[in-house]
Amino acid sequence: MKTFRLDWLILPLVGIFALLLFWQILPEIPQFKNLPKPFKTWEVSKPYIMEPFAKRGEQDQGILRFTWYSLTFVFKGYALALLIGTPLGFVLGASRTFARMFDPLIQILRPVSPLAWLPLGIVLFEKNAPAALFTIALCSMWPTVINTAAGVRAIPQDYLNVAKVLRLSRAATLFKVMLPAALPYMFTGFRLSLGLAWLVIVAAEMLTNTPGVGGFLWQEYQSLTYEHIILCILTIGLVGFGLDRLMSVVESRFRTA
Amino acid sequence: MARPFLELKNVSKRFGPNEVLRDVNLSVSEGEFVAIVGYSGSGKTTLVNLIAGLLTPDSGQVLLNGTGIAGPGPDRGVVFQNYSLLPWLTVAENIALAVDRVNPNWPAARRREHVAKNIALVNLSAAAGKRPAELSGGMKQRVAVARALAMDPKILLLDEPLSALDALTRATLQDEIERLRGESGKTILLITNDVDEGILLADRIIPLSAGPGATLGPAVAVEISRPRDRKLLNTQTDYHAIRREVLGYLLGPGGRRAVKVSRLLVLPEIEPDDLDSKFPGTPRPLRAREVHREEMNIGL
């Protein structure tokens, strides 16, 4: 590939510019006439971006304030997912019997969409917030479970032999040998889980109408402010990207030889 | 001879259908350095794992000081072939893991001192803060030796500790092992595939026959006075006699058994195909004269 100075900056900018151009032209087609053009989107979204933390009313707040609501919510659900998923993955990785018992169940439950879990959550918890938390946790924990189990299975026998020869206690073997050995796999699971949790939150907010980026998106769709839908989509994408980068940095710090 | 320190009585071990060790008898007295020389894949590591307690024999007994062993323990320091250092811990931390386990009652300062002492013993003080990935193979193996020594074991089990190293590093580490033996006076069992290594280091060399169903051959005493000089070793008359004896067993009675393999050969068809056949290409039954059974001997 040809490279030139600042290509890392210029090439992505070219890509963004191409998309903007496409976006500018698309509404010219009668079918897509409802799509707001880039400049119009910017004009209408400006108050939400320039005053990102403003609170003008329950459904009329700065975009970062909404993002903050969503993030705090996502972290609650994510924490729940890790709390359940990590030990579950460890048990599945360590015990062949358990793995045989529950692996088919996991494979069946894993592809179920958050949209399917949410109504069940509402039935179980009778309130929107815990139902949404339930959904986020349930949908986002699978990568953690599966990667943790894979990580535990991949622990070299050599390391376990060392633990045996030193006659480490069960707890010491777990915390000083198995956990550090499985950690790189686990963090990959954590990163994928966080991405899923962020994906689920938007769906959950839309259906339960809780304040947040997803809730805002749905409400602006109802009130025909289509520019804000695009604002929300871009925000969701940027935040998701940011979260993934952040987790990658953490992940690489825990990578052992 | 005094009561054997380590004793194996008719130990056999099989993994599923594969018989690995058959009727292994071994006795090692205290302070002795015994080298077991054998083919790769003949069950040397299985033998070490049995003595270490990582495996239990199917039949027979492993006795240490007259009592049967129950599982692994810090009285037997094992140096594994592939170092087995924990990559997320530094050299000092890897050794501290062993020290903390064996001497939990020592004050922290004494444990730290003990770790440092053992690192110094293998000349690695400068690398104490490094992780295994930053070390060369020889250095890693030194750490593994230091970790085993730090537990102050009664016997040191060295499972092909040098076979992954280049010849020069090997020689340095051989000298190191010889020095450690002299200083600590520990009982050492060295597993190796190099007869010369055994002659250089050991008091006795025992050949392990080729598997399956490997067993120990007659022991050969190495009565060459220490310190033994690698450069002068092959000028000693004993050297050649020992070498001949060990290799004689390994290549002779303890060698790979010849295996008879038979296979079916189908000779090429010489009849033309019937082009008008309704089912062209349909295989017809083989005739007896087309089939040829061939037998051949594989092995030495």
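Student: What pattern of helices and strands does chain A follow along the sequence?

Tutor: Chain A reads α-α-β-β-α-α-α-α-α-α-α-α, and its secondary structure comes to ten helices and two strands. Both are DSSP runs numbered from the N terminus: H or I with at least four residues for a helix, E with at least two for a strand. This is a predicted model, in which local features need pLDDT of at least 70, side-chain atom pairs count only at pLDDT 80 or more, and totals for chains, interfaces and linings use all residues. Residues are numbered from 1 along each chain as its sequence is written, while chains are lettered from A and ligands numbered from 1 in the order in which they are written.

Student: How do you know what span to expect for helix α2 of chain A?

Tutor: The expected span is 1.5 Å times one less than the number of residues. Helix α2 (residues 38-50) has 13 residues, for which 18 Å is expected, and its first and last C-alpha atoms are 17 Å apart, close to that value.

Student: What makes Val44(A) a kink in α2(A)?

Tutor: The bend there, the angle between axes fitted to the seven residues ending at a residue and the seven starting there, is about 45 degrees. Val44(A) lies shortly before the proline Pro47(A).

Student: What makes residues of chain A count as touching chain B?

Tutor: Contact requires C-beta atoms, placed from the backbone, within 7 Å. By that test 14 residues of chain A are in contact with 18 residues of chain B. On the side of chain A, α7 (157-165) and α8 (170-208) each supply at least two residues, and α7(A) gives the most, with six.

Student: Which six strands of chain B form the open sheet, and in what order?

Tutor: The order is β6-β7-β8-β3-β9-β10, with mixed pairing. Strands pair if DSSP finds at least two bridges between them. Strand β3 (residues 33-38) and strand β9 (residues 204-208) of chain B have five bridges and run parallel, so they meet the criterion. One of these bridges has Val37(B) with Pro207(B) as its partner in β9(B).

Student: Why are β6 and β10 of chain B said to stand at the edges?

Tutor: Strands β6 (76-79) and β10 (220-221) each have a single partner strand, so one side of each has no neighbour in the sheet.

Student: How many residues of chain A count as buried?

Tutor: A residue is buried if 20 or more other C-beta atoms lie within 10 Å of its own, exposed if 12 or fewer, and partly exposed in between, with C-beta atoms placed from the backbone. Of the 257 residues of chain A, 36% are buried.

Terms used
Contact = placed C-beta atoms within 7 Å.
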